[in-house]
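Trainee: Could you take a close look with me at a single part of this model, and then follow the neighbours of that part outwards? I would like one connected account rather than a list.

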Amino acid sequence: MSIEAKLLHLQAIQNLLAPYRYLYCVDLEATCDEVGECESPRPLVIVPDQMETIEMGLVVIDLESLEIVDEFQRFVRPLINPTLTDFCMKLSSIQQADVDSAGTYAEVGQELGAFIARYPNAAWASWGDYDARQLERDGGIAACPSLLEGLAHFNARKWHVGLYDNRPKGLKQTVESLGLVWQGTYHRGIDDARNVALIIIEMLG
């Protein structure tokens, strides 16, 4: 990719973000299941349509200073499948006790609403479009508005592909390809959100 093309793409991203003061970098972990290679074939305990958020991580970037200014993390108690699968616990490092003592999606939504009220004039971004779809799914399951409903959503993974002209990578691989140091535990909502924020600051800086 030519420097000119990269600059044009960066300008396009900056134009998208120009109306906003803050950008929320969001990552969700959700209930999930997978049949292991050593397992006998079996039905999945959790099918994709019934995945529920079990952790929300949100990191606030001040777009004027390009600095992280705050963060929000909550576990969420699932309604349809309250018992986590072994696969889910191993993947995310989230334990059953974490979600058993957590608030519901609607309750966490109230806490989140109070938090983001301190950072108005905001949009949000995630690594891919999965998180936006998952919030909509959660809202349907919980029969309440989707968290972050009404806020513009941006796919930071697409920004990265456009800027660096390469095939989409996983989040950890992208952090390392930029020469940044991965922070925290992979597949934990708050840690992944922090690393999405690092990538975005690097791209915009």
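Mentor: Two strands count as a pair if DSSP finds at least two bridges between them. With that in mind, and remembering that the model is predicted, let us look closely at strand β1. β1 covers residues 22–30 and pairs in the antiparallel sense with β2, residues 53–62, over nine bridges. Two of the facing positions can be picked out on the model: Val 26 stands opposite Leu 58 in β2, and Leu 28 has Met 56 of that strand as its bridge partner. Towards β4 the pairing of β1 is parallel and runs over four bridges, with Tyr 24 standing opposite Trp 124 in β4.

These two pairings place β1 within an open sheet of five strands, in which the order is β3-β2-β1-β4-β5 and the pairing is mixed. The edges are taken by β3 (67–75) and β5 (153–155), and because each of these has a single partner strand, one side of each is left without a neighbour in the sheet. Averaged over the sheet and with direction ignored, neighbouring strands are turned by 25° against each other.

How much of β1 is buried? The strand is mostly covered, with nine of its nine residues buried. Burial holds on both faces: Tyr 22, Tyr 24, Val 26, Leu 28 and Ala 30 make up one side, while Leu 23, Cys 25, Asp 27 and Glu 29 make up the other. Two helices lie across β1 in this model. Helix α4 (residues 105–116) crosses β1, β2 and β3, and runs at about 165° to β3, whereas helix α5 (residues 130–142) lies across β1, β2, β4 (122–126) and β5 at about 70° to β1.

From β1 we can step to a position in β2, namely Gly 57. Its relative accessible area is 0%, and Gly 57 is therefore buried. Apart from neighbours within four places in sequence, Gly 57 is in contact with Cys 25, Val 26 and Asp 27, as well as with Phe 72, Gly 189, Ile 190 and Ala 193. Of these contacts, Cys 25 and Asp 27 belong to one side of β1 and Val 26 to the other.

Asp 27 also leads to the open space in the model, for the largest pocket holds about 430 Å³. Of the 21 residues that line this pocket, Asp 27, Leu 28, Glu 29, Tyr 130 and His 187 are the closest to its centre. β1, α2 and α5 each contribute at least two lining residues, and the lining as a whole is made up of twelve nonpolar, four polar and five charged residues. The residues of β1 named here, Asp 27, Leu 28 and Glu 29, are buried, although they help to line an open pocket.

Helix α5 also takes part in the lining of an enclosed space. A search of the whole structure finds one cavity of 30 Å³ or more, and the largest cavity encloses about 70 Å³. α5 supplies the largest share of its lining, three residues. Among the lining residues are Asp 138, Ile 141 and Ala 142, together with Glu 52, Thr 53 and Tyr 105. By class, this lining has six nonpolar, one polar and three charged residues.

Glu 52 leads on to Asn 81, since these two residues are in contact, and Asn 81 also touches Thr 31, Val 45, Ile 46 and Gln 50, leaving aside neighbours within four places in sequence. Asn 81 sits in the loop between β3 and α2 (86–92), where a relative accessible area of 13% makes it buried. Val 45, in turn, is one of the residues lining the second largest pocket, among them also Asp 33, Arg 42 and Lys 90. That pocket has a volume of about 170 Å³, and the classes in its lining are two nonpolar, one polar and six charged residues.

Conventions
Residues numbered from 1 in each chain as written. Predicted model: local features only at pLDDT ≥ 70, side-chain atom pairs only at ≥ 80, totals over all residues. Heavy atoms only, no water. Axes fitted to C-alpha atoms, helices over the stretch in contact; angles between N-to-C directions. Contact = heavy atoms within 4.5 Å. Buried < 20%, exposed > 50% of the residue type's maximum accessible area, 1.4 Å probe, protein only. 1 Å grid on protein atoms, 1.4 Å probe; cavity = no way out; pocket = protein on both sides within 12 Å on 5 of 7 lines; lining within 4 Å. Points joined across faces, edges and corners; volume = space filled by probe spheres on them. Nonpolar A, V, L, I, M, F, W, Y, C, P; charged D, E, K, R; others polar.
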